[in-house]
Amino acid sequence: MKYYYLLFLVTLFFAQPALAQQTKIRGKVTDQLTNEPIPFATIVFKGTTIGVNTDMDGKFFLSTDTPGDSIMCTLIGFQPVKMRVKKGQDQVINMVMKASKMELQEVVIKAGENPANIIFREIIKHKFEND
């Protein structure tokens with residue numbers, strides 16, 4: 001019986017540090033200009049594949065045993081935001097994203113002949129050969 005008691009204590013002793021290393025991060029992502037929440041932004045630990053998307057209210061919750069040293073928030077149309085993370089702690093990190101200005105070059109579309117018309121002319125031209 002003493003053996004099982006000792007084994008239980010040793011297991012409990014080694015399991016304690018594993019639980020203490022849990023990093024939990026919650027927060028909210030908002031727009032800098034309007035201060036409105038940004039839904040569906042991607043939050044990931046930098047250098048890992050551990051991440052989540054914000055909900056409709058811009059809120060997120062991340063929990064992991066192996067965090068990076070920072071989290072990255074990205075969304076198309078906004079500049080990426082990087083924030084430092086304290087490993088092994090519960091944290092509240094609110095992020096403010098700034099819209100990025102992106103201008104596309106001018107696109108010119110020139111009307112031409114429908115390619116189907118060219119094919120139909122060739123079909124009619126060779127109609128008697130294909131009968």
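Is Thr54 buried or exposed? Thr54 is buried, because its relative accessibility is 2% and the cut-off for buried is under 20%. Keep that residue in mind while we take a walk through the rest of the chain; we'll come back to it. One thing to know before we start: this is a predicted model.

Start with the overall layout. The protein has two helices and eight strands, and along the sequence they come in the order α-β-β-β-β-β-β-β-β-α. Of its 131 residues, 21% are buried. If you take the contacts between residues at least 6 apart in sequence, 49% of them join residues at least 24 apart. On the outside, the protein exposes about 10700 Å², with carbon and sulfur atoms supplying 60% of that area.

Now for the inside. In soluble globular proteins, nonpolar side chains tend to be buried together. Here the largest nonpolar core has 16 residues, and the ones touching the most other members are Ile25, Val29, Ile43, Ile71, Cys73, Met95 and Met97. Several strands feed into this core: E1 (23-31), E2 (42-45), E4 (59-64), E5 (70-74) and E8 (95-97) each supply at least two residues. Ile43 is a good one to click on. Leaving out residues up to four places away in sequence, Ile43 touches Val29, Ile50, Gly51, Val52, Thr54, Phe60, Leu62, Ile71, Met72, Cys73 and Met95.

Thr54 is on that list, so let's return to it, because at 2% relative accessibility it counts as buried. Thr54 sits in the loop between strand E3 (51-53) and E4. What does its side chain reach at 2.8 Å? The partner is the backbone nitrogen of Phe40. A polar atom of the Thr54 side chain also lies 2.9 Å from the backbone oxygen of Ile38. Beyond its neighbours within four places in sequence, Thr54 is in contact with Val29, Ile38, Pro39, Phe40, Ala41, Ile43, Lys59 and Phe60.

Some of those partners lead us to the loop between E1 and E2, where Phe40 and Ala41 are both found. Ala41 is buried, because its relative accessible area is 0%. Its C-alpha atom is separated by 5.4 Å from that of Asn53, although the two residues are 12 apart along the chain. Setting aside neighbours within four places, the contacts of Ala41 are Val29, Val52, Asn53, Thr54, Cys73, Thr74 and Leu75.

The backbone of this loop deserves a look too. Most residues other than glycine have a negative phi. Phe40, which is not a glycine, has a positive phi of about 65°. Asn35 is another non-glycine with a positive phi, about 60°, and Asn35 also belongs to the loop between E1 and E2. Is Asn35 buried or exposed? Asn35 is exposed, because its relative accessible area is 58% and the cut-off for exposed is over 50%.

Finally, turn to the surface at helix H2 (residues 115-125), where you'll find Ile123. Together with Ile119 and Phe120, Ile123 makes a nonpolar surface patch of about 320 Å². Ile123 counts as partly exposed, because its relative accessibility is 47%.

Definitions and conventions. Residues numbered from 1 in each chain as written. Predicted model: local features only at pLDDT ≥ 70, side-chain atom pairs only at ≥ 80, totals over all residues. Heavy atoms only, no water. Core = buried A, V, L, I, M, F, W, Y, C linked by side-chain atoms within 4.5 Å. Buried < 20%, exposed > 50% of the residue type's maximum accessible area, 1.4 Å probe, protein only. Helix = DSSP H or I, 4+ residues; strand = E, 2+ residues; numbered from the N terminus. Contact = heavy atoms within 4.5 Å. Patch = residues over 30% accessible without salt bridge, like charges linked within 9 Å, V, L, I, M, F, W, Y side chains within 5 Å. Areas by Shrake-Rupley, 256 points an atom, 1.4 Å probe, with all protein chains shown as cover. Salt bridge = Lys/Arg side-chain N within 4 Å of Asp/Glu carboxyl O. Polar contact = N/O pair within 3.5 Å; in protein donor to acceptor, adjacent residues only side chain to side chain.
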